[in-house]
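Trainee: Hi! Could you walk me through this model before I start working with it?
Mentor: Happy to. Let's get it on screen.

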Amino acid sequence: MIKKLQRKFLLLSLTALFVLLALIVVGINILNYRAVIKEADEILWFLSRNKGAFPGFAEHPEGEPLPGKGEPLPPGMSSELPYEARYFSVVLDNTGKVLHTRTDRIASIDEQEAIAYAKKALQASEASGFQQRYRYTCSKEGGHTRVTFLDLGRQLNMAGSFLLFSVLIALGAYVLVATVLILCSKRIIRPIAQSYEKQKLFITDAGHEIKTPLTVIRANTDLLELDIGENECLADIRQQTERLATLTSDLVYLSRMEENAQALPMADFPLSEIVQEAVSPFHAVAKAQQKEFFTKIQPLLSLKGNAKAVEQLINLLMDNALKYTPKNGVVELSLCREGHAVVLRVGNTTVRTLQKKELESVFDRFYRADAARSSQTGGHGIGLSIAHSIVQAHGGRIRATAPKENTFLITVSLPL
């Protein structure tokens, strides 16, 4: 139980840490990438307004710089940007004919490549986007279209490096925190473990202490009955004494099951025969209570487990089903193999349909869904808790569902 709690704590903590670090890494890299794109679009917008060049950096064919004209650089743009940026542009008319190209501010692109990039950009449906590592934008100049490209190779490489380093740092932080959590998990849940151990010890000790006064009460009740004969009060005392004795035994058994689940002796046994023998007496019980009982048991199934515990599991599930099935209701039990597990299903009709919240709580100690599940049925609300512990001791799963209206179904899956 404590080890399972420790594993759940570690799983939840490490999952939450992973999600948090993943969100941080994804978030900062998205912001970084969007910042790169935003800056590039601002540069392209400025270049488009100035006919594909920075003011003062246009050159005539002989390479002499022309006088600086046009609007100044927008606020926030470095004055070194015109010297650092690598860009080119192509002007085309409405028929796609190339009117002008500028490739003097980039060395890796010649005129033919610039034209090819521009035509691909015009074929795209968006006015801006990427052609490989080049960010482009299309703008209208009179009756013509200018496609301006900006080389973002260096910025994209830096963004990729930032992504790699952020992932590595996040992984390092995850490993470090995970190591600390694993080393400290026992200490973190120690108060819970101590409280749980004290609870189990109290139940065991109280169970043994209660047995003696219950034995004395039984004996005195029998003596009084011999002296004064049968009496309604004595009958009530005997009935309540038996209920208390049964509850005490169940609590002690449940505590021992949770404490010694790993030590439960396991061996191969004929499961189909055990189930058939366990359910056999319930046919007469169901008939006496005017209820119908049907079974469908696949023969020759075997299981590695504890035969006595599985037999008790059958008794608990059948007892629960018969107790809460109304008169003329139906109880059904089936056992079959599904994949690498044997599946036991015990279903019964009910007075009303249990809600999802109630179904999730039926395996809790002393839980009763409604007034119908009261002590009048003879139960204590602990039988399904014991069944749950038996299934867990076998490494299986148990769940409660309401597949149809006014039905209740318990499904047990035990690994082969």
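What follows is a short chat about strands, helices and a few single residues in this predicted model.

Trainee: Let's begin with the five-strand sheet. What is the strand order?
Mentor: The order is S7-S9-S10-S12-S11, in an open sheet with mixed pairing.

Trainee: And which are the edge strands?
Mentor: Strand S7 (292-297) and strand S11 (397-401) are the edges, and each pairs on one side only. From one strand to the next, the twist averages 10 degrees.

Trainee: How many bridges join S11 to S12?
Mentor: Five bridges join S11 to strand S12, residues 407-415, and the two run antiparallel. To pick out one pair, look at Ile-398, whose bridge partner in S12 is Val-412.

Trainee: Which helices lie across those strands?
Mentor: Helix H7, residues 271-288, lies across S7, strand S9 (330-338) and strand S10 (341-349). H7 runs at about 170 degrees to S7. Helix H10, residues 383-393, lies across S11 and S12, at about 145 degrees to S11.

Trainee: What does H10 pack with besides strands?
Mentor: Helix H8, residues 307-323, packs with H10 at an angle of about 145 degrees, and their axes are 9 Å apart.

Trainee: Is the crossing of H8 and H10 left-handed or right-handed?
Mentor: Left-handed. On the H8 side, the residues that meet H10 include Leu-313, Leu-316 and Leu-317. On the H10 side, the residues that meet H8 include Ile-386, Ala-387 and Ile-390.

Trainee: Switching topic: what about H4?
Mentor: Helix H4 covers residues 153-188, so to speak 36 residues by the DSSP run. From its first C-alpha to its last, H4 reaches 50 Å, close to the 52 Å expected at 1.5 Å a residue.

Trainee: Where does H4 bend?
Mentor: At Ile-182, by about 35 degrees. Among the buried residues of H4 are Ala-178, Leu-181 and Ser-185, along with Gly-153 and Ala-159.

Trainee: Now Thr-148. Is this residue buried or exposed?
Mentor: Thr-148 is buried, because its relative accessible area is 0% and buried means under 20%. Thr-148 sits in strand S5, residues 144-151.

Trainee: What does Thr-148 touch, leaving out residues up to four places away in sequence?
Mentor: Its contacts include Leu-44, Leu-47, Phe-88, Arg-135 and Tyr-136.

Trainee: Tyr-136 caught my eye. Which residue is its bridge partner?
Mentor: Gly-129 is paired with Tyr-136, which is in S4. Four bridges join strand S3, residues 128-131, to strand S4, residues 134-141, and these strands run antiparallel.

Trainee: How are the side chains arranged along S3?
Mentor: They alternate: Gly-129 and Gln-131 point to one face and are buried, while Ser-128 and Phe-130 point to the other and are not. In a regular strand the side chains alternate between the two faces of the sheet.

Trainee: What about the turn in that hairpin?
Mentor: Two residues lie between S3 and S4, and Gln-132 takes a positive phi near 55 degrees there.

Trainee: Which other residues should I look at for positive phi?
Mentor: Lys-51 has a positive phi of about 60 degrees although it is not a glycine. Lys-51 is in the loop between helix H1 (2-49) and helix H2 (81-84), and Lys-51 is exposed with a relative accessible area of 60%. Leu-300 is another non-glycine with a positive phi, of about 65 degrees.

Trainee: Where does Leu-300 lie, and is it buried or exposed?
Mentor: Leu-300 lies in the loop between S7 and strand S8 (302-305). Leu-300 is exposed, because its relative accessible area is 84% and exposed means over 50%.

Methods:
Residues are numbered from 1 along each chain as its sequence is written. This is a predicted model: local features need pLDDT of at least 70, side-chain atom pairs count only at pLDDT 80 or more; totals for chains, interfaces and linings use all residues. Side-chain values use heavy atoms; hydrogens and water are left out. Two strands pair if DSSP finds at least two bridges between them. Axes are lines fitted to C-alpha atoms, for helices over the stretch in contact, and angles run from 0 to 180 degrees between N-to-C directions. Contact means heavy atoms within 4.5 Å. The expected span of a helix is 1.5 Å times one less than its number of residues. The bend at a residue is the angle between axes fitted to the seven residues ending there and the seven starting there. Buried means under 20% relative accessible area, exposed over 50%, partly exposed in between (1.4 Å probe, protein chains only). A crossing is left-handed if the near helix is turned anticlockwise from the far one by less than a right angle, and right-handed if clockwise.
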